[in-house]
Amino acid sequence: MSETRHNWTKEQILEIYNKPLMELLYEAATIHRLHHDPNTVQVSTLLSIKTGGCPEDCGYCPQAARYHTNVEGNDLMSVQQVKAQALRAKSSGSSRVCMGAAWRNVKDGEEFDQVLEMVRTINKLDMEVCCTLGMITENQAQRLAEAGLYAYNHNLDSSEEYYKEVISTRGFEDRLQTIDNVRKTNVTVCSGGIIGMGEKIEDRAGMLVALSTLNPQPESVPINALVAVEGTPLEDQEPISIWDMIRMVATTRIVMPETQVRLSAGRTQMTREGQAMCFFAGANSIFAGDKLLTTPNPDVNEDMKMFELLGLNPQKPFIKKMQPQTVEASESQYQALGEKPKWSRPEHKIERNEVAKAKATK
Ligand code: SF4
């Protein structure tokens, strides 16, 4: 019941997802207890180090330059600004800082060097460092690892089939390639997706097949509920029910017993009771801070009150894996290769993306 399997099928996962709820919760909670301390939850702070102006067309994202949303773009933050935010996050209970940049892929050069310095700086604060910077090559993954990166986030977003209904500017196989590049280093993988984008339950199961059949499975799997932002192609999507979230969390826990299942975007739409059910179902990680990149998130004090109420404790850093060592830039074994990999551009037409783009140019 509790071993990690890498051969889950969509049918098996659907069968789990659709179990009577009490059965599903009992099974997920039992597996959760076999692999994790059920009273400990990892707390991450997500920091948007470069906001907006992204060339991609992800239908859920207010940072895509082609849609008209009220997100204000920002250039890359300085290392000092990031350090100040990391210290603030640490003092309010976060063990991890996740830095997000609205890039299609990483380009070697000054900006990436600056991100590497941010990684070094935060690792030296004895916090886990995660980055989400778009597609990366093996060399870039090695350079991040050497700087002291703990995790790299690259979400699959949905099933391979439904992904094509949401994004047309990059291919699903490139997501897998980036994860593979990260796997060639000692950096852990964080990869999950979003529910509530209009996908079928089969797509949710399909995404879990893609994630759970990776070997090793991702160490962290964020489950986001879509936050429908005005101006994006998915602005009119109805919020998903809490029961869908609970089922998705429980199913993720069962098929990936060792992973940290992260309650991510959409927590402002959930009650405390709903979140408590998610923790019971196996979620053991949250994002803290009043913003998740650009969308709202519960206030950190509210989260700490919820932890107190539920008897939860924030997880200490480097519990699951040793702290990586930081190699200074001057002693680096790796040089920027200036590679220009040909990441795919399917460019098929997604009608709602086209409509949102046309509205933005009016
Ligand atoms: S999700 Fe990332 S890649 Fe997609 S548009 Fe937003 S910032 Fe760009």
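Me: Which residues of helix α1 are buried?
Reply: In this predicted model, the buried residues of α1, which spans residues 10-17, are I13, L14, I16 and Y17.

Me: Where do they sit around the axis?
Reply: They cover an arc of only 160° around the axis, so they lie on the same side of α1. As background, an α-helix has 3.6 residues a turn, so residues three or four places apart point the same way.

Me: What is exposed on the other side of α1?
Reply: E11 and E15 are exposed there.

Me: And what covers the buried residues of α1?
Reply: The cover includes helices α2 (21-35), α8 (201-212) and α9 (242-255).

Me: Changing topic: which residues are around the ligand?
Reply: The ligand is surrounded by C54, E56, C58, Y60, C61, A64, A102 and R170.

Me: How does that shell divide by class?
Reply: It has 6 nonpolar and 2 charged residues, and no polar ones.

Me: One of those was C61. Is that residue buried or exposed?
Reply: C61 has a relative accessible area of 19%; it counts as buried because the cut-off is under 20%.

Me: How many disulfides are there in the whole structure?
Reply: A search of the whole structure finds 0 disulfides. C131, for example, is in no disulfide: the nearest cysteine sulfur belongs to C130 and is 6.6 Å away. A pair of sulfur atoms must be within 2.5 Å to count, so C131 and C130 do not qualify.

Me: Is C131 buried or exposed?
Reply: C131 is buried, at 0% relative accessibility.

Me: Next, Y60 from the ligand shell. How far apart are the C-alpha atoms of V227 and Y60?
Reply: Their C-alpha atoms are separated by 7.8 Å, although V227 and Y60 are 167 residues apart along the chain.

Me: Where is V227 placed?
Reply: V227 is in the loop between β7 (220-225) and α9. With 15% relative accessibility, V227 counts as buried.

Me: Last topic, Q42. Where is that one?
Reply: Q42 is in strand β1, residues 40-50. The residue is buried, with a relative accessible area of 0%.

Me: Which side chains make polar contacts with the side chain of Q42?
Reply: The side chain of S44 makes one with the Q42 side chain, at 3.1 Å. The side chain of R262 also makes one with that of Q42, at 3.1 Å.

Me: What else does Q42 touch?
Reply: Leaving out residues up to four places away in sequence, Q42 touches S95, R96, E128, Q260, R262, N284, S285, I286 and Q315.

Methods
Residues are numbered from 1 along each chain as its sequence is written. This is a predicted model: local features need pLDDT of at least 70, side-chain atom pairs count only at pLDDT 80 or more; totals for chains, interfaces and linings use all residues. Side-chain values use heavy atoms; hydrogens and water are left out. A residue is near a molecule or strand if one of its heavy atoms lies within 4 Å of it. Ala, Val, Leu, Ile, Met, Phe, Trp, Tyr, Cys and Pro count as nonpolar, Asp, Glu, Lys and Arg as charged, and the others, Gly among them, as polar. Buried means under 20% relative accessible area, exposed over 50%, partly exposed in between (1.4 Å probe, protein chains only). Helices (H or I, at least four residues) and strands (E, at least two) are DSSP runs, numbered from the N terminus. A polar contact is a pair of N or O atoms within 3.5 Å; within protein, one must be able to donate a hydrogen and the other to accept it, and residues adjacent in sequence count only if both atoms are side-chain atoms. Contact means heavy atoms within 4.5 Å. The arc is that of the directions from the helix axis to the C-beta atoms.
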